[in-house]
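Student: I'm new to this structure and would like a close look at a single part. Could you pick one helix and walk me through it, with a bit of the surroundings?

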Amino acid sequence: MKPDPQNEAVSRRNFLKISAIWAGGAWIVGYPVARASNHVTNSAPGRTQGQGTEYQVLTTDEAAIMDALADCIIPPGDYAGGREAGVTLFIDRQLGRYLHSDKAMYKTCLAALNKGSQADYEKVFTRLGEEAQIRYLTDIEAGGYNNRTGNWGDYIPSSFFSTMRDHCMMGYYGHPKHGGNREWVSYQMLGLPVEQVPMSP
Amino acid sequence: MTNQHVNAIVVGSGAGGGVVAKELSEAGLSVVLFERGEWARYSEHGDDELTAQRSFPLHCYFGPDNERYRRVAVDRQGNERIVYPNEWAYHNNAACVGSGTVSYGAMAWRFMEEDFTMKSTYGHIEGSTLEDWPVTYADLEPFYEKAEWEIGVAGDDSQNPFAPWRNKPHPMPAFKHNTEARMLEAAAKKAGFHPFSIPMLRNSEPYHGRGECIHVRNCVGFACPVGAKNGTQNTVIPTAIRTGNCELRINSQVVEIMTNDQGKVTGVAYFDKQDRKLQQTADIVVLAASATETPRLMLNSASRHYPEGIGNRHDWVGRNLQGHAYTGANALFDEVIYDDVGPGASVAISDFAHNNPGITGGAMLANEFIQMPYAFTGTRPPGSPHWGRGHKDFQQENYKRYAGIRGPVQEMPNFESRVEVSQDVRDHWGMPVARISGFKLDEDIKTAHFIADKAVEWLEAAGAAKIWKSIPGTGVSGSQHQSGTCRMGNDPKTSVTNKFGQVHDVENLFVADGSLHVTNGGFNPVLTIMALGYWVSDYIVNEWQKGNSFR
């Protein structure tokens, strides 16, 4: 019998209901709300509003900058991009937990990065088009921006980019219990079943 | 609180310590087995790649924690920095009951005969302290066998013409290959190599009351969901506890080896979970805390008798730190070769472990364990985009078309690669932390290039569409294969213990972990560490039964 994609989506949804995320010192059962998305919506209809989507470390403005970054690092397409996959929520949760030592860096660098595009592009980063955003980030990654201009404080723009890029990868490909990889979207993209059954070669 | 005196203390419950605790308690000695961590459980950790033991960017579920532990890493320019357990430069192993044997890949290699006689086989290597072991393969062979049968290994040496001789076959049949390994097996034969199924400390059939492997992808770096991977935590340690003679004392960080006015060891000082400093006395102390933590403990146990640290009269404790210079090649194939049958690594060749013209030693080569999705983001041909659409497309297109061939190149030990104790950085309990410095010799990098070229040959024979090499850097190796820091030897001036792991000038202090390795083979070292655990125990028990209580 061929597997019914609709049934698969339902069983995946049931599975996700019993997964849990650590938030603010308590285990919250459930999963964060996913925004509308071509792929994920089609495969998991009838989603209910979940819990735990409020940011705990990032402000709304910072989260918006992070959302824009996450979509540059992992752009939307056939499968959700970084923003929709919950990369920002992952980073927010981890800045309050395992990655707490990076919190001050994010606070400074997100703002600095957003404003830093004004000199060359006359707009803040979040208002740039996709192509300009990518060009700007490519420059930052290559060390094209000096922290003596702008409000980067002691942080080096290229180092921030490198760390933030890695965190986006963790958020997109890691276990959803940490806040990202919403509905295991990256596993869907790679064609990896979430639930493994006993097999032999 | 006063602890009752026991016959033996074992510090560390990993591959060596778990075996020693079982052997001594079965022989009737009262034993306390110290473990700084606690029990690791699949039900708690599951398939969380971000806290697993293979890539732990968030933290190390299998321990230790970033709050209480740190080390100092020194680069080749002498720059020092504090590093935490979930950074690669920390050279983490694990800190839980069973240590690395809970989450390891479980390859069960015997070293080859030449691996015990490297100096006489290859001669002097410039810059290296290369030496023969004081024991031979023949000495250890019965203890390899004991490890294979008591802990449980699936394998079949009949397909490996380079395997060292053995008296008894493996207790379980070898694993069959998945789609990728079958393809690579055929390619190896085409290239003229001699492929075989990797011996594994994993059940290919029910063994000793536990079930067989179910082939999940999250194997290396993870606990087993069905207990089919054999570590000390589910074999010898439970046996030790069942004797009634062994107490496993978890959450207990040993910080000092105590000695009396005569220089005899009297026991250890440790901190319990509540951070109370306590003492445990014993007739014998066996150190099996890893090739980083064993020398650190010895160096932190200076006294009037041992002003430079216990066993360190000739400045050899902590020297010769080595791991493996991992090398190999990666490949993309036109067709999908991934079938989701874990753990991945199963086909190997030993053709290039020795007898390579102009090369010292060598390595076995094997296909890689399945890379989990986050780890795969770091697997790219040179020049590939690491973010953006190019990243995502690569990930999606190639995750199931990737194979890697890798080998642990045997490193030439050198005196300057070492574990010291820091003069200014201390851990949660106020003890000086390990300071790790050193480098690989040019000889190691030369061997790594040679072995990587063989991996390329193998992948070319498999018809790979794109191949790129991974050559190791020149930094010091440690990490999960760390070894060599309390070398065994016959000359007390150039080694730390005698051939039985007994510290030269301290009769009742023993070492039973990878620290003893004179050289580390071109193979994963865990079965050798287990065999040494049996070997050291055999000596202690024989002496004990002859009436020598080492007091």
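**One helix up close**

Tutor: Let's ease in with chain A: buried residues make up 49% of its 201 residues, where buried means under 20% relative accessible area, exposed over 50% and partly exposed in between, using a 1.4 Å probe and protein chains only. Keep in mind that this is a predicted model, so local features need pLDDT of at least 70 and side-chain atom pairs count only at 80 or more, while totals for chains, interfaces and linings use all residues. Residues are numbered from 1 along each chain as its sequence is written, chains are lettered from A and ligands numbered from 1 in the order written, and side-chain values use heavy atoms, with hydrogens and water left out.

Now to our helix, α6 of chain B, residues 179-190. Helices here are DSSP runs of H or I with at least four residues, strands are runs of E with at least two, and both are numbered from the N terminus. The expected span is 1.5 Å times one less than the number of residues, so the twelve residues of α6(B) should cover 16 Å; the end C-alpha atoms are 17 Å apart, which agrees.

Which residues of α6(B) are buried? They are Glu180(B), Ala181(B), Met183(B), Leu184(B), Ala187(B) and Ala188(B). Look down the axis of α6(B) and these fall within an arc of 155°, so they line one face of the helix; that arc is taken from the directions from the helix axis to the C-beta atoms. The general idea is simple: an α-helix has 3.6 residues a turn, so residues three or four places apart point the same way. On the other side of α6(B), Lys189(B) and Lys190(B) are exposed.

So what covers the buried residues of α6(B)? The cover includes β11 (347-349), β12 (365-367), β13 (402-409) and α11 (442-461), each in chain B, with contact meaning heavy atoms within 4.5 Å.

While you're in chain B, look at its charges over rings, which count if NZ of Lys or CZ of Arg is within 6 Å of the ring centre and within 35 degrees of the ring normal. Arg71(B) lies over the face of Tyr90(B), 4.0 Å from the ring centre. The charged end of Arg319(B) sits over the ring of Phe415(B), also 4.0 Å from its centre.
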